[in-house]
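Reader: I'd like to learn how to read strands, turns and surface patches in a model like this. Could you walk me through it?

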Amino acid sequence: MFSKCGDEMERLQKVIANSGYCSRRKAEEEIKKGHVTVNGKIVVELGTKVEGTDVIEVNGTVIRKEEQKEYILFYKPREVITSVHDDKGRTTVLDYIDSKVRIYPVGRLDYDTTGLLLLTNDGELANLLMHPKTEIEKVYVAKVRGILTGTEINKLKNGIVIDGRKTSRAKVKVRKIDKKSQTSIIEITIHEGRNHQVKKMFEHVGHEVLKLKRERFAFLDLKGLHSGEYRYLSIKEIKKLYALVNK
Ligand code: URA
């Protein structure tokens with residue numbers, strides 16, 4: 001919301017002038033005349049400060065400058081919902097991130113899944129990354145009940161019909177087998193992003209997923225981050241993502 005104080009805020013007349021709409025003096029006149037609205041409300045005080053997300057109109061023309069694009073790589077903990085809001089009051093991924101712009105998750109991880117999640121306000125890139133045709137490689141590590149047979153591993157690799165559609169080819173590696181607890185750690189690489197896909201694939205071959213973590217998304221991994229931490233992507237990484245989706 002706009003207000004008369006705040007660290008990241010700028011004076012309304014300065015924002016109008018910086019947008020190129022008119023001079024600062026003209027902007028001050030327009031404000032005093034009641035020709036300027038912020039988020040739909042007329043503002044006549046010159047001292048009013050606004051932030052990047054406020055919508056400013058002068059004589060009905062939106063002059064808000066474009067939000068700066070943000071690209072965040074987040075290490076999602078368990079029991080966090082991949083959503084910008086939760087009606088049940090559960091912790092959301094946005095509770096971990098201090099951002100002035102309206103970022104949102106690129107795809108989703110289940111409430112109990114941990115690992116790599118991208119967030120951005122770049123709708124174009126987000127849509128391209130999520131598009132099935134883009135086939136971004138995602139690496140998951142699953143702790144599953146039981147020990148998989150060769151036949152089961154081959155089924156996972158070759159595709160399984162879930163929700164009436166066959167999954168595309170996957171890579172599967174057994175990382176560890178614990179005979180005592182009868183559990184296995186399996187690395188699975190998929191190119192799709194269907195709902196609960198990994199859990200459904202393992203369930204189909206008779207192995208419940210006990211824990212699930214996404215370790216990699218395209219060339220990005222969790223190196224240097226602890227659970228609950230995030231970092232900004234570098235320009236080089238953003239360009240690389242664009243190159244991937246524009247292939
Ligand atoms: N597959 C799942 O089953 N759950 C996730 O969170 C991600 C992939």
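Author: Sure. This is a predicted model, so let's start with one pair of residues: Arg 216 stands opposite Asp 221 in strand 16. That pair belongs to a short stretch where strand 15 and strand 16 (residues 220-221) run antiparallel, joined by two bridges.

Reader: How many residues sit between strand 15 and strand 16 in their hairpin?

Author: Two residues lie between them, and Ala 218 in the turn has a positive phi of about 55°.

Reader: Which way does strand 9 pair with strand 15, parallel or antiparallel?

Author: Parallel: strand 9 (residues 113-120) meets strand 15 (residues 209-217) over three bridges. To find the register, look for Gly 115, which faces Arg 214 in strand 15.

Reader: And what about strand 10 and strand 15?

Author: Those two are antiparallel, with seven bridges. Ala 142 has Leu 212 of strand 15 as its bridge partner. Strand 10 (residues 138-145) also pairs with strand 14, again in the antiparallel sense, over eight bridges. There, Val 141 is opposite Glu 187 of strand 14.

Reader: What does strand 13 do with strand 14?

Author: Strand 13 (residues 171-178) pairs with strand 14 in the antiparallel sense over seven bridges. One contact to click on is Ile 177, whose bridge partner is Ser 184 in strand 14. The two strands form a hairpin with four residues between them, and Gln 182 in that turn has a positive phi of about 55°.

Reader: Is strand 14 largely enclosed or open, and why?

Author: A residue counts as buried when its relative accessible area is under 20%. In strand 14 (residues 183-190), seven of the eight residues are buried, so the strand is largely enclosed by the rest of the structure.

Reader: Let's try that on a loop. Is Ile 103 buried or exposed?

Author: Buried, because its relative accessibility is 4%. Ile 103 lies in the loop between strand 7 and strand 8. Compare sequence with space here: Ile 103 and Ile 72 are 31 residues apart along the chain, while their C-alpha atoms are 8.7 Å apart.

Reader: Where does Arg 78 lie?

Author: Arg 78 is in the loop between strand 7 (71-76) and strand 8 (104-105). With 41% relative accessibility, Arg 78 counts as partly exposed.

Reader: Which residues gather with Arg 78 in a patch of positive charge?

Author: Lys 143, Lys 176 and Lys 211 join Arg 78 in that patch on the surface. Try colouring the four by charge and rotating the view.

How values were computed: Residues numbered from 1 in each chain as written. Predicted model: local features only at pLDDT ≥ 70, side-chain atom pairs only at ≥ 80, totals over all residues. Heavy atoms only, no water. Patch = residues over 30% accessible without salt bridge, like charges linked within 9 Å, V, L, I, M, F, W, Y side chains within 5 Å. Areas by Shrake-Rupley, 256 points an atom, 1.4 Å probe, with all protein chains shown as cover. Salt bridge = Lys/Arg side-chain N within 4 Å of Asp/Glu carboxyl O. Lys, Arg positive; Asp, Glu negative; His and termini not counted. Charge placed at Lys NZ, Arg CZ, Asp CG, Glu CD. Buried < 20%, exposed > 50% of the residue type's maximum accessible area, 1.4 Å probe, protein only. Pairing = 2+ DSSP bridges.
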